[in-house]
Amino acid sequence: MDAPESTQLCRGEDSLQYRCGSKVANDLDAYIARRPVNCVPLSLDRYGRTVATCSVAGKDLGEWLVRNGLALDWPQYSKGKYHEGQRDAERAGQGLWKGSYVEPWLYRACIRASRNPSACSDDANAHA
């Protein structure tokens, strides 16, 4: 799964911009609530970052994030593991699905090219 970056802006159902990456981080922190997190490394991405499945009390955090509309299934790494959860979140209008957003992987590519968070979060590039 892939979640918005801390500098990323999304639009809510009221069409106002908000820091969606920060919201995801805060919601995840509240959900974890100081419980121990267990991560199982799976691989490395092309930038050398660890790709892992993490859980709290046996609950897959990626699944929780996607089902709550706070992250997207990223089939390149998940092989569709979170597809059903994403479909359910979209149907229910949860989290990111309430408004518009740019896929986090596209946002990061734009930042690498332009270094301009506002332009990379622009509605012209957004998934509505």
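**Exercise 1. Work out how β4 pairs with strand β5, and what happens in the turn.**

Start with the pairing: β4 and strand β5 (residues 59-60) run antiparallel to each other, joined over two bridges. Two strands count as paired if DSSP finds at least two bridges between them. Strands here are DSSP runs of E with at least two residues, helices are runs of H or I with at least four, and both are numbered from the N terminus.

Next, find a facing pair: S55 sits opposite D60 in β5. Then look at the turn: two residues lie between the strands of this hairpin, and A57 has a positive phi near 50°.

A quick word on the model: it is predicted, so local features need pLDDT of at least 70 and side-chain atom pairs pLDDT 80 or more, while totals for chains, interfaces and linings use all residues. Residues are numbered from 1 along each chain as its sequence is written, and side-chain values use heavy atoms, leaving out hydrogens and water.

**Exercise 2. Now do the β3 and β4 hairpin.**

Strand β3 (residues 37-44) pairs with strand β4 (residues 50-56) over seven bridges, again antiparallel. Across the pair, P41 faces A52 in β4. Five residues separate the two strands, and in that turn G48 shows a positive phi of about 85°.

**Exercise 3. Place A71 and list what surrounds it.**

First, locate A71: look in the loop between α2 (61-67) and α3 (75-78). Second, check exposure: A71 is buried, at 1% relative accessible area. Buried means under 20%, exposed over 50%, and partly exposed in between, with a 1.4 Å probe and protein chains only.

Third, collect the contacts (heavy atoms within 4.5 Å). Leaving aside residues up to four places away in sequence, A71 touches M1, D2, A3, L65, V66 and L96. Finally, P104 is 33 residues from A71 along the chain, with 8.6 Å between their C-alpha atoms.
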